[in-house]
Amino acid sequence: MSSLFAPIARITSAVLVISSFPSTIFCQTRAPNPAVADSMSEMPQVLTAPLFIEAAGFTSTITMVSELNFAVTAQVVLFDRNGAQITSQTVAFPAHSRQAVLVGDLLYQANSAETMGSVEVLPDPAKVVTMAIAAQLSITGSGASIGQHIEEEFLMAGMSGSGVLRSAGASLVSKPIVALRNTAAAAQTATISCITEKGAATRQQVQLASGGWALLQACTNSSSAAVSLIGDALASPAQAAPDPGAFGVSVAGTGKPGSLAAFGFSWHGAARGAMLSSQNFVDAGTFRSGNTVFTGVPVGAANHLPGAFFTPQVALANFGAKPVNATVLFSRTTGSGPEPSNVAAVSVPAMSSQTIALPVLTGDPGLRNSFIVQS
């Protein structure tokens, strides 16, 4: 059980608690030669993932896709928890190709004993502009942790926006863990705020040097929230903490928008035991619509996911100073076409989170199901 996150406008975040799938495909035509970067949309992309893990039975794999119709290269760079570079490797992409790199192999070649840190992907700036290469980092468990899986989406450093990153979730059985990376040339302070359905709001701060990195426990006011042993955070909770219900996490830095990257994970309750879930963050200022769409959602039985029965649940987090009205629509596609219907309508108070109970739904086993959250 993992969570798929998407924001609603600038002040509200929604999460659909269900199995999730990577969804990163970008388009680009060949750049003029030489390419001149005179706007953000024409700047060479630098992708960053704030967290890799090579410990406690977990390994990290970087998967990259180039949609260009010509060959390019990209540098994959690993950084340790102090922000220092560990190693780099040039990856060649034939036209329209996919490449995968094992973080463990890079650490072994560099004779490094690091167990966690961050990753950057730097495509060749002479040939690649905008978001022509997409990347995802998969953190997968083995042994006693087999079946546990975290998907981390790479973020584009320097992307314009509000500089406020948000994520949402539900059904926690332990505090979420958040990794931060400062990509700016100057130090900055990051403020992590958390609002929960059943508990008090929390706020904490961490100082990040230039290129600095931090891993901490969120949704707490504790001054000792730093996580130094990743194995402790990856161990399934022996005793579940009180469930705070729906929750939202907001991260704001004092640097320029796009200079702070965030990613997290959390343990969620499930009928068959606690399961790890990704907490991908998105800049709230990059969206111009109040609608969020979740596509390809399993509802009930699914042909491509045999042996499981899926029950969706929606959680909303309102970070604004005013109440927000939200409507949830469910659309099931059959042989006669889509069948949309309203399944919930709620008002979420200011600075609060809320779980939305959905009625019993009949889904298409071919995963032709969508949820639309309107606010």
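## Salt bridges

A salt bridge is a side-chain nitrogen of Lys or Arg within 4 Å of a carboxyl oxygen of Asp or Glu. Asp364 and Arg368 fit that description, with their side chains meeting at 3.2 Å, N to O. This is a predicted model, where local features need pLDDT of at least 70, side-chain atom pairs count only at pLDDT 80 or more, and totals for chains, interfaces and linings use all residues. Residues are numbered from 1 along each chain as its sequence is written, and side-chain values use heavy atoms, with hydrogens and water left out.

By the salt-bridge rule, the count comes to four. Let's look at how hidden the partners are, where buried means under 20% relative accessible area, exposed over 50%, and partly exposed in between (1.4 Å probe, protein chains only). Asp364 is buried at 9% relative accessibility, while Arg368 is partly exposed at 41%.

Another of the salt bridges joins Arg81 to Glu114, with the closest N and O atoms 3.4 Å apart. Arg81 is in the loop between β5 (72–79) and β6 (85–93), and Glu114 is in the loop between α1 (103–109) and β8 (116–123), so this pair ties together parts that are 33 residues apart in sequence. (Helices, H or I with at least four residues, and strands, E with at least two, are DSSP runs numbered from the N terminus.) Both ends get some exposure: Arg81 is partly exposed at 27%, and Glu114 is partly exposed at 22%.

## Arg181 and its two partners

Arg181 forms a salt bridge with Glu120, and the closest N and O atoms are 3.3 Å apart. The two come from distant parts of the chain: Arg181 from strand β13 (residues 177–182) and Glu120 from strand β8, 61 residues apart. Are these two buried or exposed? Arg181 counts as buried at 4% relative accessibility, and Glu120 counts as buried at 12%.

Arg181 also has a ring to deal with: its charged end sits over the ring of Phe79, 4.2 Å from the ring's centre. To count, NZ of Lys or CZ of Arg must be within 6 Å of the ring centre and within 35 degrees of the ring normal.

## One aromatic pair

The structure holds one aromatic pair. Phe330 and Phe371 make up this pair, which is tilted, with 4.9 Å centre to centre and 40° between the planes. (Rings of Phe, Tyr and Trp, using its six-membered ring, pair if their centres lie within 6.5 Å; planes under 30 degrees apart count as stacked, over 60 as edge-to-face and the rest as tilted.)

Phe330 sits in strand β25 (residues 324–334) and Phe371 in strand β28 (residues 369–374), so the pair ties together parts that are 41 residues apart in sequence. Phe330 is buried with a relative accessible area of 4%, and Phe371 is buried at 0%.

## The nonpolar cores

A nonpolar core is a set of buried Ala, Val, Leu, Ile, Met, Phe, Trp, Tyr and Cys residues joined through side-chain atoms within 4.5 Å. Which residues have the most contacts inside the largest one? They are Met64 and Phe265, in a core of 46 residues. Its largest share, five residues, comes from strand β3 (residues 47–53). A second, separate core has 20 residues, including Leu180, Val206, Cys219 and Val249.
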